[in-house]
Amino acid sequence: MAISKVGVVGLGTMGAGIAQVSITAGHETAGREVSQELAEKGRAKIEHYLGRAVEKGRMTADERDAALARLTLTTELADLADCDLVVEAVLEELPLKREIFGELDRLTQPDAILATNTSALSVAEIADATGNPGRVVGMHFFNPAPVLPLVEIVRAPKSSDEAVRAAYDWAEQAGKQPVNCNDTPGFIVNRILIPLLNDCVRVLDEANVTPEDLDKAMVNGAGWPLGPCALVDLVGIDVHVHASEALHEKLGEDRMAPPQRLLELQTQGKLGRKTGAGFFEY
Ligand SMILES: NC(=O)c1ccc[n+]([C@@H]2O[C@H](COP(=O)([O-])OP(=O)(O)OC[C@H]3O[C@@H](n4cnc5c(N)ncnc54)[C@H](O)[C@@H]3O)[C@@H](O)[C@H]2O)c1
């Protein structure tokens, strides 16, 4: 199916980025927030990043203005009724996502695609809050969504081939690098990266290595573009701990549980770049 208008539910970190991807790709996009103030904040974030793109010569001022003109803001889910694709990016809470999907199911056209950006919840459990789980898929963007090309297109057991294909084609047309996968805990990247980063953090104490040397080792010995400690600082220690706990709860392997050192940094409020300190000072 052809996707013309897109809805984004939640204009937080991920939702604002996804809305930016959508308007930059030429789609009329309606962003829904819980308050007008938060909606304006989301738009301001998008304006800021598009402004930087103009400064760096990646888009013209006219292209920026045209993209921003495609964004409408609302506090009503009902204003997404004419969207062909709705991407949900609200807090990672199952009851909240199920409530929103139930409402979207009632409000939107029956052939609209409903996608969740969940990182760790089951897409199937979200889809089952609708009367038509065939049209529900996962579209797992990475942070920052306008910069990182990957989108995991997640097929739940009841997702239809049409919905999966439409989500994939839309992401590709929007300049992303989509990949297909099943609805399993952590999907692809987090399933691999979270336990691997936890192993890296445990090696700090096991081998008595400094964060500087651990990063130096993985950059120079394994060809990583960024060291593991710098990466966890960038992701946010709290975000990584939360994702580790979710994966550990679902798959039960010890190495998926957050290492003690990360829990301590979290307790100290050292959450990485965003707080000015984590493994490193910023
Ligand atoms: N941050 C990441 O690195 C990342 C990466 C991929 C996927 N995700 C997933 O994306 C989703 C959003 O994460 P985020 O980092 O953008 O979070 P965020 O905290 O930046 O944004 C949360 C959004 O939820 C909305 N919200 C809060 N309470 C609500 C309610 N009661 N009803 C409706 N909306 C409500 C907020 O207004 C906001 O728009 C989560 O499912 C998360 O797992 C996050």
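**Exercise 1.** How many of the residues of helix 9 (residues 228-235) are buried? Name them, and state what covers them.

*Solution.* The structure is a predicted model.
Step 1: take the count. In helix 9, 6 of its 8 residues are buried, and the helix is described as mostly covered.
Step 2: name the residues. The buried ones are Pro228, Cys229, Ala230, Leu231, Val232 and Asp233.
Step 3: look at the cover. The elements over these buried residues include helix 7 (189-206), helix 8 (211-221), helix 10 and helix 11 (260-267).
Step 4: look past the end of the helix. Gly236 follows helix 9 and has a positive phi, near 105°.

**Exercise 2.** Is His240 buried or exposed? Find its element and its contacts.

*Solution.* Step 1: place the residue. His240 belongs to helix 10, which spans residues 237-251.
Step 2: compare its accessibility with the cut-off. Buried means under 20% relative accessible area. His240 has a relative accessible area of 4%, so it is buried.
Step 3: list the contacts, leaving out residues up to four places away in sequence. His240 touches Ile194, Leu197, Asn198, Val232, Val235 and Leu262. One of these, Val232, is among the buried residues of helix 9.

**Exercise 3.** Pro258 and Val209 both lie in loops. Which class of accessibility does each residue belong to?

*Solution.* Step 1: place the residues. Pro258 is in the loop between helix 10 and helix 11, and Val209 is in the loop between helix 7 and helix 8.
Step 2: apply the cut-offs. Under 20% is buried, over 50% is exposed, and values in between are partly exposed. Pro258 has a relative accessible area of 12%, so it is buried. Val209 has a relative accessibility of 22% and therefore counts as partly exposed.
Step 3: list contacts, again leaving out residues up to four places away in sequence. Pro258 touches Asn198, Arg202, Val241, Ser244, Glu245 and Leu263. Val209 touches Val203, Leu204 and Leu214.
Step 4: read the distances. Pro258 and Asp233 are 25 residues apart in sequence, and their C-alpha atoms are 14 Å apart. Val209 and Arg98 are 111 residues apart along the chain, with 44 Å between their C-alpha atoms.

**Exercise 4.** Which residues come nearest to the ligand? Describe the polar contacts and the shell.

*Solution.* Step 1: name the nearest residues. There are 21 residues around the ligand, and Thr13, Met14, Glu33, Glu92 and Lys97 come nearest.
Step 2: give the polar distances. A polar side-chain atom of Glu92 is 2.6 Å from a ligand oxygen atom. For a polar side-chain atom of Lys97, the distance to an oxygen atom of the ligand is 2.8 Å. Gly12 takes part through a polar backbone atom, 3.2 Å from an oxygen atom of the ligand.
Step 3: state the cover. The ligand exposes 830 Å² when taken alone, and the protein buries 75% of that.
Step 4: assign the shell to elements. Helix 1 (13-24), helix 4 (94-107) and strand 6 (136-141) each give two or more residues to the shell.
Step 5: sort by class. The shell has 9 nonpolar, 8 polar and 4 charged residues.

**Exercise 5.** How many residues does the largest nonpolar core have? Pick one member and list its contacts.

*Solution.* Step 1: the largest nonpolar core has 37 residues.
Step 2: those with the most contacts inside this core are Ile18, Ile46, Leu85, Val137, Met139, Phe141 and Trp170.
Step 3: take Ile46. Not counting residues up to four places away in sequence, Ile46 touches Ala16, Ala19, Gln20, Ile23, Leu68 and Leu71.
Step 4: note the second core. It is separate, has 21 residues, and includes Leu77, Leu104, Ala127 and Phe187.

Technical notes:
Residues are numbered from 1 along each chain as its sequence is written. This is a predicted model: local features need pLDDT of at least 70, side-chain atom pairs count only at pLDDT 80 or more; totals for chains, interfaces and linings use all residues. Side-chain values use heavy atoms; hydrogens and water are left out. A residue is near a molecule or strand if one of its heavy atoms lies within 4 Å of it. A polar contact is a pair of N or O atoms within 3.5 Å; within protein, one must be able to donate a hydrogen and the other to accept it, and residues adjacent in sequence count only if both atoms are side-chain atoms. Accessible areas come from the Shrake-Rupley method with a 1.4 Å probe; for residues, only the protein chains shown count as cover. Helices (H or I, at least four residues) and strands (E, at least two) are DSSP runs, numbered from the N terminus. Ala, Val, Leu, Ile, Met, Phe, Trp, Tyr, Cys and Pro count as nonpolar, Asp, Glu, Lys and Arg as charged, and the others, Gly among them, as polar. A nonpolar core is a set of buried Ala, Val, Leu, Ile, Met, Phe, Trp, Tyr and Cys residues joined through side-chain atoms within 4.5 Å. Buried means under 20% relative accessible area, exposed over 50%, partly exposed in between (1.4 Å probe, protein chains only). Contact means heavy atoms within 4.5 Å.
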